[in-house]
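Opening the notebook on this one. I want to go through the ligand site, then the charged pairs, then the rings.

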Amino acid sequence: MRKKIVAGNWKMNTTLAEGIELAKEVNEKVKAAAPAGVKVIVGTPFIHLADVNRLATDIEVAAENCAAEAKGAYTGEVSAAMVKSTGCKYVILGHSERRAYYGETNEILVKKVALALENELDVIFCIGEVLEEREAGKHFDVVKKDIVEGLFNLTAEQFGHIVLAYEPVWAIGTGKTATSEQAEEMHKFIRSVVAEKYGEQVADDTTILYGGSCNAKNADELFSMPNVDGGLIGGASLKADDFMTIITARNNH
Ligand code: PEP
C-alpha cells in the first residue's frame, strides 16, 4: 500500500527563529489532529534542519537539496551525509527552481539520487513541464524523459525509496493550479511509466504527489483523485493553519 504524504517546501523563506516557530506550530497541530493516514513532512532550508529535527515528534523533515558529490572541496555545498546527520529522512531533489536557476540536469540528479539513497534518505523527486511544453502537447514526453533519465538506473528495491512529485512548472507559485482532471491524467500516466519499467506492484506502491499552487481551498478536490496520493506544498506550507487544512483534506480521503 502506498503512503499518503503531505510535504511542505519552504524554499528560501523564514529565518531560523521563524522556521523553528513554524515547525513547532505544525508539529503541535499534527500531534493534536493525529491524521493517522498521512505522513507529514516539512522541507526546510539547510540551516534549519538540525533544530527542526530535534523538535519534530509527529512530522518528518526534508532537505530541499543536497550536493552531487560525497565530500571534499566544494565550498558552500551540503552533502547527503550531512543532511542525514541532522536527523532527516527525506531530501527533495530536482525541483523546477533548481533545474531552471541552478542548471540542475538529469545527469547531475542521477548523482544526487545515488548519494541520497546511499545515505538512507528517501527522495522526493520533482518532475513537470513548462507551459510551452504543455501547450505544444509535449507534457507527457517531457515528464517521461525526466523519470527515465533521472531514475531508471535504479533497481526496483532502490526505486521503493522514491516519492514522485508531479509539479507542472506553470502552476508553481502562480496561483494557477492544474485541474484535478489534469493532475489525475498525468499521475495515471506516470504510474504507467513506472509499471513498464518495474512492474505493476512497484507502480502501485509508488507515492505520486501533486505540486503547484495546491492550497487550503483546492486540496480536497485534488486529493479526491485516485492517483493523487498527496501534495508538495510551497506557499501554503508557510501558514500552519493552511498546511493543516491540506493535511486534513488528505486524511479525509
Ligand atoms: C513548490 O515549490 O514545490 C510548490 C508547489 O510551490 P507552490 O505551492 O507555492 O506553487
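**Ligand site.** I started with histidine 95: an N or O atom of its side chain sits 2.9 Å from an oxygen atom of the ligand. This is a predicted model, so I keep that in mind for every distance here. Next I looked up glutamate 167, where a polar side-chain atom is 2.6 Å from a ligand oxygen. For serine 213 the polar atom belongs to the backbone, and I get 2.8 Å to an oxygen atom of the ligand. How much of the ligand's accessible area does the protein cover? I find 95% of the 290 Å² that the ligand has on its own.

Then I listed the shell. It holds 14 residues, and the closest are Lys11, Glu167, Gly173, Ser213 and Gly234. Sorted by type, I get 8 polar, 4 nonpolar and 2 charged residues around the ligand.

**Salt bridges.** My count for the structure is 16 salt bridges. I went through a few of them.

Lysine 89 and glutamate 60 came up with an N to O distance of 3.3 Å between their side chains. Lysine 89 is in the loop between α3 (80–85) and β4 (90–93), while glutamate 60 is in strand β3 (residues 60–63), so this salt bridge ties together parts 29 residues apart in sequence. Is each partner buried or exposed? Lysine 89 is partly exposed at 43% relative accessible area. Glutamate 60 has 17%, and I note it as buried because the cut-off for that is under 20%.

My next pair was glutamate 69 with lysine 111, whose closest N and O atoms are 3.0 Å apart. This one also links distant parts of the chain: glutamate 69 is in the loop between β3 and α3, lysine 111 is in helix α5 (residues 106–118), and 42 residues separate them. I looked up the accessibility of both. Glutamate 69 is partly exposed at 28%, and lysine 111 is partly exposed at 42%.

For a pair inside one helix I took lysine 145 and glutamate 149, a salt bridge with its closest N and O atoms 3.3 Å apart. Both are in helix α7 (residues 139–151), and they are 4 residues apart, so about one helical turn separates them. Lysine 145 is partly exposed, with 46% relative accessible area. Glutamate 149 is partly exposed too, with 38%.

I also noted a network of salt bridges that links Arg2, Arg191 and Asp229.

**Aromatic rings.** My search of the whole structure gave 5 aromatic pairs. How are the rings of phenylalanine 159 and tyrosine 198 arranged? Their centres are 4.6 Å apart and their planes are at 25 degrees, so I note the pair as stacked, the cut-off for that being under 30 degrees. Phenylalanine 159 is in helix α8 (residues 156–159) and tyrosine 198 in helix α9 (residues 180–198), so the stacked pair ties together parts 39 residues apart in sequence.

I checked burial for both rings' residues. Phenylalanine 159 has a relative accessible area of 1% and is buried. Tyrosine 198 is buried as well, at 14%. Last entry: Phe152 joins Phe159 and Tyr198 in a cluster linked by ring pairs.

Definitions and conventions. Residues numbered from 1 in each chain as written. Predicted model: local features only at pLDDT ≥ 70, side-chain atom pairs only at ≥ 80, totals over all residues. Heavy atoms only, no water. Near = heavy atom within 4 Å. Polar contact = N/O pair within 3.5 Å; in protein donor to acceptor, adjacent residues only side chain to side chain. Areas by Shrake-Rupley, 256 points an atom, 1.4 Å probe, with all protein chains shown as cover. Nonpolar A, V, L, I, M, F, W, Y, C, P; charged D, E, K, R; others polar. Salt bridge = Lys/Arg side-chain N within 4 Å of Asp/Glu carboxyl O. Helix = DSSP H or I, 4+ residues; strand = E, 2+ residues; numbered from the N terminus. Buried < 20%, exposed > 50% of the residue type's maximum accessible area, 1.4 Å probe, protein only. Phe/Tyr/Trp six-rings, centres within 6.5 Å; stacked < 30°, edge-to-face > 60°.
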